[in-house]
Structures are given as structure tokens and as C-alpha cells.
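Visitor: I should like a close look at a single part of this model. Please take me through it in connected order, and define each term when it is first used.

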Amino acid sequence: MDHRTLPDLERSIEIFFAQGSAALGNAEAETAFRHLRDALEAGEIRAAEPDAAQATGWRVNAWVKRGILLGFRLGHLVSMNNGSFVDKNTYPSRTFSAEEAIRIVPGGSSVRSGAYLAKSVVCMPPMYVNVGAYVDEGTMVDSHALVGSCAQIGKRVHLSAAAQIGGVLEPVNASPVIIEDDALIGGNTGVYEGTIVRAKAVLAAGTVLTRGTPVYDLVRGEVYRATAETPLIIPSGAVVVPGARAIAHGKGQEWGLSLATPVIVKYRDEKTELSLALEDLLR
């Protein structure tokens with residue numbers, strides 16, 4: 001099959017994915033997958049991409065996720081790195097050259113093949129970027145941070161130490177976690193289940209966001225929740241901190257318990273910008 005154009009590649013991936021186990025050992029299927037993996041690493045295709053026509057501003061490319069799953073199906077276990085790792089031969093660790101202008105500091109980090117890192121990305125050890133992820137220019141992935149499969153990270157984002165950015169491959173039409181440009185994701189945060197963090201938002205250390213998490217906006221007097229059609233979306237410039245909400249009935253009230261609840265306490269201003277000036281020095 002011809003994979004010279006994007007529609008050709010999409011058509012091939014859809015055909016071979018639909019074949020299930022019948023695609024095993026098919027040289028054409030393996031070639032189509034390798035073209036997909038190369039295009040992911042080059043940033044030519046993405047599991048999700050900006051699209052102003054969509055309600056969330058993002059479009060999920062389900063066929064790309066099917067292609068990633070096809071790679072797992074086609075692969076077999078092999079020993080890698082002199083026996084240090086055993087994984088599917090279709091997904092070895094990526095290697096980099098100085099010409100790519102990506103800074104990967106020594107010390108136990110790994111980027112899986114099929115992930116895209118743009119120039120001027122900084123990776124502090126140890127960290128991990130999984131297949132299908134997209135990490136844009138000027139972003140720092142700090143120590144013990146995870147960028148999950150198909151997660152989309154914008155420009156000049158700081159994923160602080162131990163930040164966990166969840167990934168999603170299945171269901172293939174589900175939106176991955178998306179962190180837009182200039183966001184600051186604090187240490188020990190967790191962003192999961194397709195949450196979208198808009199540009200310039202700040203998540204304070206320890207904030208956890210999931211599809212079932214309500215976020216209380218003290219500034220605008222609103223509560224943000226995911227719906228059946230859309231994920232949880234954090235507004236642009238919001239500063240989110242961990243909070244608590246009292247249980248107002250039953251044993252929870254009797255025992256004086258409360259539930260963890262993220263709270264928007266302000267929106268980014270000049271003072272917030274000054275507090276983030278250290279980011280440029282770190283880069």
C-alpha cells in the first residue's frame with residue numbers, strides 16, 4: 001500500500017487495525033505502523049490537535065490512536081539495552097542528537113518511540129514521556145514527572161517535579177489530557193482523564209484534577225465540571241490550589257470530615273508573572 005500522503009496512511013492504518021490478529025506478520029501493516037510512528041516523532045501527526053471548530057478547541061484523531069494500538073498488536077517482546085529492558089520491539093526508547101536541540105539531562109529518563117519532543121524542551125532526570133505524547137517548544141519536564149500516552153503539552157509549560165499527566169489510548173475517541181501554552185503545573189500534581197488546562201493556568205503543588213472533580217471558582221462564582229460531552233476544563237490564567245469542602249450531612253458532618261476540592265483563588269496577574277520569572281533562568 002502507498003503511505004506517501006496522510007490520507008493514504010490513515011486509510012492503511014484503519015484497514016490493518018480492523019483486521020485484528022489477521023494483521024500479525026503482515027509486512028505492509030508493519031510498514032504502515034513504522035510510517036505512523038515516524039510521523040508522530042516528527043510532529044507531523046498528533047493524537048489530538050487544536051481545532052477551533054470543536055467545542056473544546058481540540059480534535060481527537062482516533063485513527064492515530066488506533067495506529068498506536070496496532071503497533072502494540074504487531075510487536076513482540078525483545079530484550080533491549082543489554083537486557084535492562086524487555087518490551088515490544090515496535091516501541092523501543094527514542095534516541096536523540098544534539099542537532100535536535102532537546103536537552104535530556106543524564107540520570108534515568110526515557111522517551112518512548114512515537115513521542116514528539118520539540119526543540120528547546122528540557123528533560124530533568126528521571127522523567128518519562130510515553131508513546132503518542134506531544135511536548136512543544138520550551139517546555140520543561142522536571143524530575144519524576146510523567147507525560148502519559150497521547151497527552152498534549154503546549155509551549156513553555158513547566159511540569160514540576162513529580163507532576164503526573166495522565167494518558168489515554170482507549171477508548172480511542174476519548175480526549176487525552178491537554179496542557180496548553182504557558183501553563184505551570186506544580187509539584188506532585190495529577191491531571192487525569194482528559195482534563196484540559198487552558199493557557200497560562202497555574203496548578204499549585206498537590207492539586208489533583210479528574211473527570212469527576214468539581215472545581216470551585218471563587219473569583220467568578222462558578223463551579224466547573226466535566227459533562228457527558230466535554231472533559232473538565234480549567235479556564236485560561238486560573239490559579240488553582242488544593243482546597244476542602246465540608247460534608248454537610250450524615251456521618252461525614254457528625255465526624256467533621258471534608259473532601260478535597262480544587263479551588264480557583266485568583267487569575268494570573270503581574271505578581272504571579274514575577275513569581276514565575278525563575279522559569280526562564282532554569283531553561
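Guide: A strand is a DSSP run of E with at least two residues, a helix is a run of H or I with at least four, and both are numbered from the N terminus. The model is predicted, so that local features need pLDDT of at least 70 and side-chain atom pairs count only at pLDDT 80 or more, while totals for chains, interfaces and linings use all residues. Residues are numbered from 1 along each chain as its sequence is written, and side-chain values use heavy atoms, with hydrogens and water left out.

The part chosen is the stranded part, and its loops come first. C150 is placed in the loop between strand 12 (146-147) and strand 13 (152-153). Although C150 is not a glycine, its phi is positive, at about 75°. With a relative accessible area of 0%, C150 is buried (buried means under 20% relative accessible area, exposed over 50%, and partly exposed in between, with a 1.4 Å probe and protein chains only).

K200 is another residue other than glycine with a positive phi, here near 65°. The loop that holds K200 runs between strand 19 and strand 20. K200 has a relative accessibility of 42% and therefore counts as partly exposed, whereas C150 is buried.

Two further loops contain cis peptide bonds. One such bond joins P125 and P126, with omega at about -15°. P126 belongs to the loop between strand 8 (122-123) and strand 9 (128-129). The other links E170 to P171, with omega near -5°. P171 is found in the loop that connects strand 15 (164-165) with strand 16 (178-179).

Several of these strands belong to a sheet. Strands of a sheet pair through backbone hydrogen bonds, either parallel or antiparallel. In this model, six strands form an open sheet in the order 7-10-13-16-19-24, and their pairing is parallel (two strands pair if DSSP finds at least two bridges between them). Strand 7 (116-117) and strand 24 occupy the edges, each with a single partner strand, so one side of each has no neighbour in the sheet. At the edge formed by strand 24, two bridges connect this strand to strand 19 (residues 196-197), and the two run parallel. Within that pairing, V197 has I234 of strand 24 as its bridge partner.

Beyond strand 24 (233-234) the chain enters a loop that leads to strand 25, and P235 has its place there. P235 is buried, because its relative accessible area is 12%. Apart from its neighbours within four places in sequence, P235 is in contact with R198, A201, R220, Y224, I264 and Y267 (contact means heavy atoms within 4.5 Å). A161 lies 74 residues from P235 along the chain, and the C-alpha atoms of the two are separated by 23 Å.

The loop of P235 leads to strand 25, which takes part in two pairings. In one of them, strand 25 (residues 238-246) runs parallel to strand 20 (residues 202-203), and two bridges join the pair. There, L203 has V240 of strand 25 as its bridge partner. In the other, strand 25 pairs with strand 26 (residues 258-267) in the antiparallel sense, over nine bridges. Along this antiparallel pairing, A244 is matched with A260 of strand 26 as its bridge partner, and V240 stands opposite I264 of strand 26. V240 is thus a position shared by both pairings, with L203 as a bridge partner and I264 opposite.

Strand 26 has a further pairing, with strand 22 (residues 215-217), in the parallel sense and over two bridges. In this case D217 stands opposite I264 in strand 26. I264 therefore recurs in this account: it is set opposite D217, it is set opposite V240, and it is one of the residues in contact with the buried P235.

Taken in order, the description passes from the parallel six-stranded sheet, through the pairing of strand 19 with strand 24 at its edge, to the loop of P235. From there it reaches strand 25, which pairs with strand 26 in the antiparallel sense.
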